[in-house]
Amino acid sequence: MSSRSGVEACDSWRPPPRSHAAGALPILRAGPRVPAFASLSVREGGEAAAKAVAVVVDEEVPVVRPEEVAGGKGMAAARGEVATKERRRLPPAAQLVRHPLALLALVPHSAALFAAGAAAGAAAKTVTAPLDRVKLLMQTHSVRVAGESAKKGVGFLEAIADIGKEEGLKGYWKGNLPQVIRIIPYSAVQLFSYEVYKKIFRRKDGELTVFGRLAAGACAGMTSTLVTYPLDVLRLRLAVQSGHSTMSQVALNMLREEGLASFYGGLGPSLIGIAPYIAVNFCVFDLMKKSVPEKYKNRPETSLATALLSATFATLMCYPLDTVRRQMQMKGTPYNTIFDAIP
């Protein structure tokens, strides 16, 4: 460039390869390669001074002050001025009125994960509530009829028929309200805490071993169980007892007749059982998802199949402890500890 050049500008410009030669003006670049524009003025006498250099990127907008470059601070000082966080700006009010769902894009990722887990858990439990109540009646039959009948078990079809005969269609969803109330924080805490524990158990190289996945899943399961366990006991009492008591009535009766400890009956086998259940469930799910070919990973049927297989495998392993804790949650249970119940 000659010593008496004017201002030169172009509509589409890409910076040349970096040069470390003396006097060369380095260009700040960040993020993906996108079309960029730069304006440069040249003074008389061949002494170049950059007025401003702005490189357009997706998330970072570095700005170089002319007095810093001309004053000799250099580009190292200019790089310290790079904004590293993307600023989220609210759209105009008129656009929000027409498209209010656009606000969802501003929800933090952790909050979205929290809400998604809660909504999914509540919907799943509501759909499967009839089968869950039948399962509870079958698990607790021997404690409920102790001293009244020599029959120590009830069949699947028999339990379904008894519910419809005694309580009608609504009876299949009896006790579902505390279950839904419980599953919202339970699923949310479980999913969110699993991500937190994965970061804790990750190795220095950023990889998560099989043991790390098991430990993260177990800790997440125990955390969510501790937070929501009283609601689980309430759900069982409502589901297995006769009559049409409300959740508040059952809770007050438990507190008055059995004390606060009744809300934590069977907590021991719950923690012992939930730790391997969640650990195996999450671990098998993650490993199966990781082994799926890349082109199938984001398909919904892949997630459904891996979730089904992992949950089935974990349930088969841990189901006996679930039966033990359900019988220990019952009013008037003959079992004080897990060592009394298992034999």
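Q: Where does UniProt place the feature "transmembrane region" in this chain?
A: The model shown here is a predicted one, and the feature itself comes from an unreviewed UniProt entry rather than from the atoms. In that entry, the feature "transmembrane region" is placed at residues 263-282 and 302-321.

Q: How far apart do the end C-alpha atoms lie in residues 263-282, and in residues 302-321?
A: The span 263-282 is 80% helix and 0% strand, while the span 302-321 is 100% helix and 0% strand. Between the end C-alpha atoms, the separation is 28 Å for residues 263-282 and, for residues 302-321, 30 Å.

Q: How many helices and how many strands does the chain have?
A: Read along the sequence, the pattern is α-α-α-α-α-α-α-α-α-α-α-α, and 34% of the 343 residues of the chain count as buried. The totals for the chain are 12 helices and zero strands.

Q: Are helix 8 and helix 11 roughly parallel or roughly perpendicular?
A: Helix 8 covers residues 210-240 and helix 11 covers residues 300-329, and their axes come within 10 Å and cross at roughly 75 degrees. Because angles of 65 to 115 degrees count as roughly perpendicular, the description that applies to helix 8 relative to helix 11 is roughly perpendicular.

Q: Which residues of helix 11 make the contact with helix 8?
A: From helix 8, the contact is made by Y229, D232, V233, L236 and R237. By class, the contact has three nonpolar, one polar and four charged residues. The residues that helix 11 brings to this contact are R325, R326 and Q329.

Q: Which helix gives the most to the largest nonpolar core?
A: The largest nonpolar core has 12 residues, among them V134, L136, I163, L236 and M330. Helix 5 (129-144), helix 6 (156-167) and helix 8 each supply at least two residues of this core. With four residues, the helix that gives the most is helix 5.

Q: Which residues does M330 touch, not counting residues up to four places away in sequence?
A: M330 belongs to the largest nonpolar core, as do V143, L236 and V240, and these three are among the residues that M330 touches. Leaving out residues up to four places away in sequence, the full list for M330 is T140, V143, R144, L236, R237 and V240.

Q: How many residues does the second, separate core have?
A: This second core is separate from the core that holds M330, and includes A122, I183, Y186 and A216. Its residues number 10.

Note on methods. Residues are numbered from 1 along each chain as its sequence is written. This is a predicted model: local features need pLDDT of at least 70, side-chain atom pairs count only at pLDDT 80 or more; totals for chains, interfaces and linings use all residues. Side-chain values use heavy atoms; hydrogens and water are left out. Axes are lines fitted to C-alpha atoms, for helices over the stretch in contact, and angles run from 0 to 180 degrees between N-to-C directions. Angles under 35 degrees count as roughly parallel, over 145 as roughly antiparallel, 65 to 115 as roughly perpendicular and the rest as oblique. Contact means heavy atoms within 4.5 Å. Ala, Val, Leu, Ile, Met, Phe, Trp, Tyr, Cys and Pro count as nonpolar, Asp, Glu, Lys and Arg as charged, and the others, Gly among them, as polar. UniProt positions are given in the numbering used here, feature names are shortened, and annotations may be inferred rather than shown by experiment. A nonpolar core is a set of buried Ala, Val, Leu, Ile, Met, Phe, Trp, Tyr and Cys residues joined through side-chain atoms within 4.5 Å. Buried means under 20% relative accessible area, exposed over 50%, partly exposed in between (1.4 Å probe, protein chains only).
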